[in-house]
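Open the structure in a viewer and keep the selection panel at hand. The tour goes from one stop to the next, with a selection to make at each.

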Amino acid sequence: MIPNLQHTSPVQAHYLDFLNTLSRRGFKGDISPDYANRTVLATDNSIYQVLPQGVVYPKHTGDLILITQLANEELYRDIVLSPRGGGTGTNGQSLTDGVVVDISRHMNQILEINVEERWVKVQTGVVKDQLNAFLKPHGLFFAPELSTSNRATIGGMINTDASGQGSCLYGKTRNHVLELQTVLLDGSVLNSQTLDAQAYEALAEQQDRTGLIHRVVDSIYKEHKTKIDEVFPPLNRCLTGYDLAHIRDENDQFNLNNILCGSEGTLGFITEAKLNLLTIPKHSALVVVKYGDFEKSLRDATELMKAKPTSIETIDSKVLNLAMNDFVWHQVEEFFPDDTAEPVQGINFVEYTADDEAELDQKVQTLLHNLKASVADPNSPRIGYALAKGSAAVNRIWGMRKRAVGLLGNKEGEARPVPFVEDTAVPPEHLADFIMEFREILDAYKLEYGMFGHVDAGVLHVRPALDMKDPEQAKIAWEISDRVADLTHQYHGLLWGEHGKGVRSEYAPQFFGELYPQLQRIKATFDPYNQLNPGKIATPSDEHNLLKINEVTTRGELDRVISKQSWTQFEEAVYCNGNGACFNWNTADQMCPSYKVTRQRVNSPKGRASLVREWLKLLSENNFDTVTAAKRKSALTAIAGLPKRLFSSLRKKLGVYDFSHEVYDSMAACLACKSCTGQCPIKVDVPEFRSKFLSLYHTRYMRPLKDYLVGALEFMLPVCAKFPGVYNFFMKLRFVQLLLEKWVGFVDGPLLTGTRLAGYKLTVDANGTQAEIELASPDKLANLTQEQREKTVVIVQDAFTSYFETQLVIDTIQLLKQLGFNALLAPYKANGKPLHVHGFLGSFADTAEKNAKMLNSISACGVALVGIDPSMTLTYRSEYKKYLSKQAMPKVELLQEFLDARLLAANTNAEQSIEFKLMPHCTETSNAVGTIKMWQSVFTKLGHSLTILNAGCCGMSGTYGHEARNKESSQALYQMSWQKPVEQHAPSGTLLATGYSCRSQVKREAGEIILHPVQALLANITVS
Ligand SMILES: Cc1cc2nc3c(=O)[nH]c(=O)nc-3n(C[C@H](O)[C@H](O)[C@H](O)COP(=O)(O)OP(=O)(O)OC[C@H]3O[C@@H](n4cnc5c(N)ncnc54)[C@H](O)[C@@H]3O)c2cc1C
Ligand code: SF4
Ligand code: SF4
């Protein structure tokens, strides 16, 4: 039995008092001093982990004024605050041991747009892709680009002065900031923008914090202009934050925004921003140029830049190989044909954009002509090329490139790629030489690494692989940091060319030299008591210290505490590196419905992985062996433990604290949809470690009745199906429904169809030929000839389709027969997925073994096994893998895999080609990516067309939507993602869905019956 984890690091009394006073003064947002919120917000994407005292989520600017006014009171001048947006920083920028102020949860509204003048006003919690999706219909976009655009906020971008691909043309975030509203630490509000002399004077005369700031910053500029010009390198990636070189613009106009942009939350809370917009270029094209040598690709990039493209990016073979094994590859593989004689070691992406198509074509053709000649030349470094034309194709390639930083973290073993020198910038003409020296440093330590960069801007991304749990390897990180900082200095470059300074501010005095005290003056004017993100960029005086790279607690130091066996047991969780890809803003994307619907970071894959890591750490500190505890107990031991479990559960009811409850609550909100499993660049697999957690949690606490009901469902249904009338009668009784809801926690249970499959009579062709549904058995199959076996397919049953949607099984067999296959039905056996979802892992292993044995005995006869429901079918490849040996795994195909591989085109006639729309199941979309396209191919072969609608999650996901505690969020998810496309397409009868859960959700929420693709085909083909 797991121990009670009562003792977590308590919130300091002074901070608790601060948070309570905040609440009493009328703070409208959320105040979260709980250990779960503190744990999850203790990390970003850096190597550091710093536990805050609490997290607050302001509702509006008024809340931030309250916070700063209170923090400015003498009693609270030692309270420190750290603003936070998406939390995707790579250098600990938003980490603090004080209070995290997370602006992203509530302050994420787009406030105003002026299309003629091309500007937009937003709250700073808006995510960059959210903004561009809003702007697209107006033909406009917010230009600064960054890889984390689907989760990084405008506030975070402004505060790191973010930029990325295309920065040579579009510049950095600060180049597009028109006005900012900032809440200062005395509770006053500063509005900043470009000022002419008169406006500047008016503000500088004010006798308040705003006036003082203007006077101090201007005097720095005037007194140190010559030195400033001398110190700051004239790079595209010029300084980020406290940008002394741009206090005044080329027209000598004062602009405080250039001090605020990149200030990493050390000067104030930026609450609103007015941003400059550009028109979306009408045409774009991207040429993929391949090389047999990475260095040559870097050197050639300088040559290619002469052709004046919009941007050039380089990746190495490591990054390319990682992308090839990622779900994103299916979207881009056509542009990477395997057509070169030697292996590809480097790639340059050369992008052109233009409003005039002829102009674009001319540029591209010139390059292609040039490439054709050089590829034919054996002395040229270029070995191949491909063209992607149009914004959709170009965006797909950039989408792949955007995942590259995240993918760099995806590596087997304990040494994992970590960020600490990952965004150096040097003058582009020296990049290749710089990289060669950089490589020498890394190679001297025999480290593994992948590289890619914005070669046009001289920026290199690299994450060397280190096991930060090992103190010796951590030392290497510090040594490399020092050496790379020197190297960038030597090349007149920057250590922080893109991702900001954070903990690396240690190098600021070295970099700024004589100007560092001027940075301190700025900090002292904005934040005299060093309360805002202290230790980063600059301190208000020498009395305070900057953070040091090797003095802030690293994740590795804490992970070291977790016992080796627990670490390995929970391998699906522990490697999460916090890159935040699971905070994807887009509701049409599958990635994490439970985060999207609750907007709680604790309910995200990162949240769950962070909580489990902390839980394992606490258990290890208690010397608890999770591996032994997870071993199967005899029934007797389980019964003997019952009184203790009852007692612990009673204490839980009485409110006795245990950190495990916080972890449980987060796990309970998970839909087990497996989108994280498929889409997380690090392959964090929440459903797997959630099951392991649940199985251990319930060694101490009783399970809810609903778990037993759901776990037993697959076994009960065949029995209930013998008396469908009785079952349905009871399930329809209001009293029974209330009982199930209140006592068991189960709602809206479906009714049995009552149709028996074995022996069911089908009509298999237009002549009315009758056939029966037959059960497959090894004996029966043994009599088939080889030719017959090749034509035989056995449908693997799952409980939900067979008992609640029996007609679909019938239709599937009928369609297969009509298409000329000998379709049989496998005997029914439980698949075990519901057991796995609820953490009955011992029973799941038994069930999987029995089912696999039966299925293997059938497939051993040389016939295909095919499942209808994608989620249940994919269990055979995913969940089964962890519990069965490779040889024992049954090979069960998805329907579309079978059909696409076996169907020859056009042995059928469609009277009239119909355009269908398909909404695939989440698990299928994210875990069997390439298979969705197969449905399109099948429809085309059978004379119809199919458009895939990506709408995110329907909200049902197995039994999640049937659990009383989840009903509201299940419905909210439906409204967020599926409602609109269903309303638009269902009435025409052309909307299809592959998932049983999805169809039942549509039936429950919209009262619409939507068909499975098989049923649409059956109704609309005639076999010739
Ligand atoms: C895989 C990966 C790829 C990346 N690629 C890029 C890239 O291509 N280009 C790039 O520039 N960066 C990149 N980054 C770094 C990071 O995404 C950016 O720095 C981003 O701008 C941070 O935004 P955020 O909303 O996550 O901010 P956070 O990380 O939450 O915060 C960043 C800083 O801004 C401050 N802050 C946030 N909001 C406010 C506010 N409203 N007021 C005051 N201060 C605030 C915080 O205190 C912190 O100092 C990458 C990171 C990862 C993990
Ligand atoms: S769960 Fe995956 S996507 Fe989310 S932060 Fe962790 S590693 Fe990144
Ligand atoms: S399984 Fe689905 S709901 Fe659960 S964490 Fe993963 S993506 Fe989120």
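Select Val-56 and Val-101: in this predicted model, Val-56 stands opposite Val-101 of strand E4. Now widen the selection to residues 54-57, strand E2, and residues 99-102, strand E4. These two strands run parallel and are joined by 3 bridges.

Add the rest of the sheet. The strand order is E1-E2-E4-E3, in an open sheet of 4 strands with mixed pairing. At its edges are strand E1 (30-32) and strand E3 (81-84), each of which pairs on one side only. Looking across the strands, expect an average twist of 20 degrees from one strand to the next.

Zoom out before the next stop. The whole protein has 46 helices and 33 strands. Along the principal axes, its C-alpha atoms fill a box of roughly 95 × 75 × 55 Å. How does the radius of gyration compare with that of a compact globule? For 1024 residues such a globule would have a value near 31 Å, and the protein has 30 Å, so the two agree.

**Second sheet**

Select residues 792-796, strand E25, together with residues 864-867, strand E27. They run parallel, and 4 bridges join them. One pair to label is Val-793 and Ala-864 of E27, which stand opposite each other.

These strands belong to another open sheet of 4 strands, with the order E26-E25-E27-E28 and parallel pairing. Strand E26 (822-825) and strand E28 (892-894) have a single partner strand each, so one side of either strand has no neighbour in the sheet. Here the twist averages 40 degrees from one strand to the next.

Now show residues 806-818, helix H36, which packs on this sheet. H36 touches E25 and E26, and its direction makes about 155 degrees with that of E26.

**Helix H23 and its contacts**

Select helix H23, residues 605-621, and helix H27, residues 659-668. Their axes come within 10 Å and cross at roughly 155 degrees. An angle over 145 degrees counts as roughly antiparallel, and H23 and H27 are therefore roughly antiparallel to each other. The crossing of H23 past H27 is left-handed.

Which residues make this contact? On H23, show Arg-608, Leu-611, Val-612, Glu-614, Trp-615 and Leu-618. On H27, show Phe-659, Ser-660, Glu-662, Val-663, Ser-666 and Met-667. Coloured by type, the contact residues of H23 and H27 come to 7 nonpolar, 2 polar and 3 charged.

Keep H23 on screen and add residues 686-697, helix H29. The axes of H23 and H29 are 11 Å apart, and the helices pack at an angle of about 40 degrees. That angle makes H23 oblique to H29. H23 passes H29 in a left-handed crossing.

For the side chains, pick Pro-605, Arg-608, Ala-609, Val-612 and Trp-615 in H23, which meet Val-686, Phe-689, Phe-693 and Leu-696 in H29. What is the division by type in this contact? The residues are 8 nonpolar, no polar and 1 charged.

To finish, label Arg-608, Val-612 and Trp-615 of H23. These residues are among those that contact H27, and they are also among those that meet H29.

Terms used:
Residues are numbered from 1 along each chain as its sequence is written. Chains are lettered from A and ligands numbered from 1 in the order in which they are written. This is a predicted model: local features need pLDDT of at least 70, side-chain atom pairs count only at pLDDT 80 or more; totals for chains, interfaces and linings use all residues. Side-chain values use heavy atoms; hydrogens and water are left out. Axes are lines fitted to C-alpha atoms, for helices over the stretch in contact, and angles run from 0 to 180 degrees between N-to-C directions. Angles under 35 degrees count as roughly parallel, over 145 as roughly antiparallel, 65 to 115 as roughly perpendicular and the rest as oblique. A crossing is left-handed if the near helix is turned anticlockwise from the far one by less than a right angle, and right-handed if clockwise. Contact means heavy atoms within 4.5 Å. Ala, Val, Leu, Ile, Met, Phe, Trp, Tyr, Cys and Pro count as nonpolar, Asp, Glu, Lys and Arg as charged, and the others, Gly among them, as polar. Two strands pair if DSSP finds at least two bridges between them. The radius of gyration is taken over C-alpha atoms; the globule rule is 2.2 Å times the number of residues to the power 0.38.
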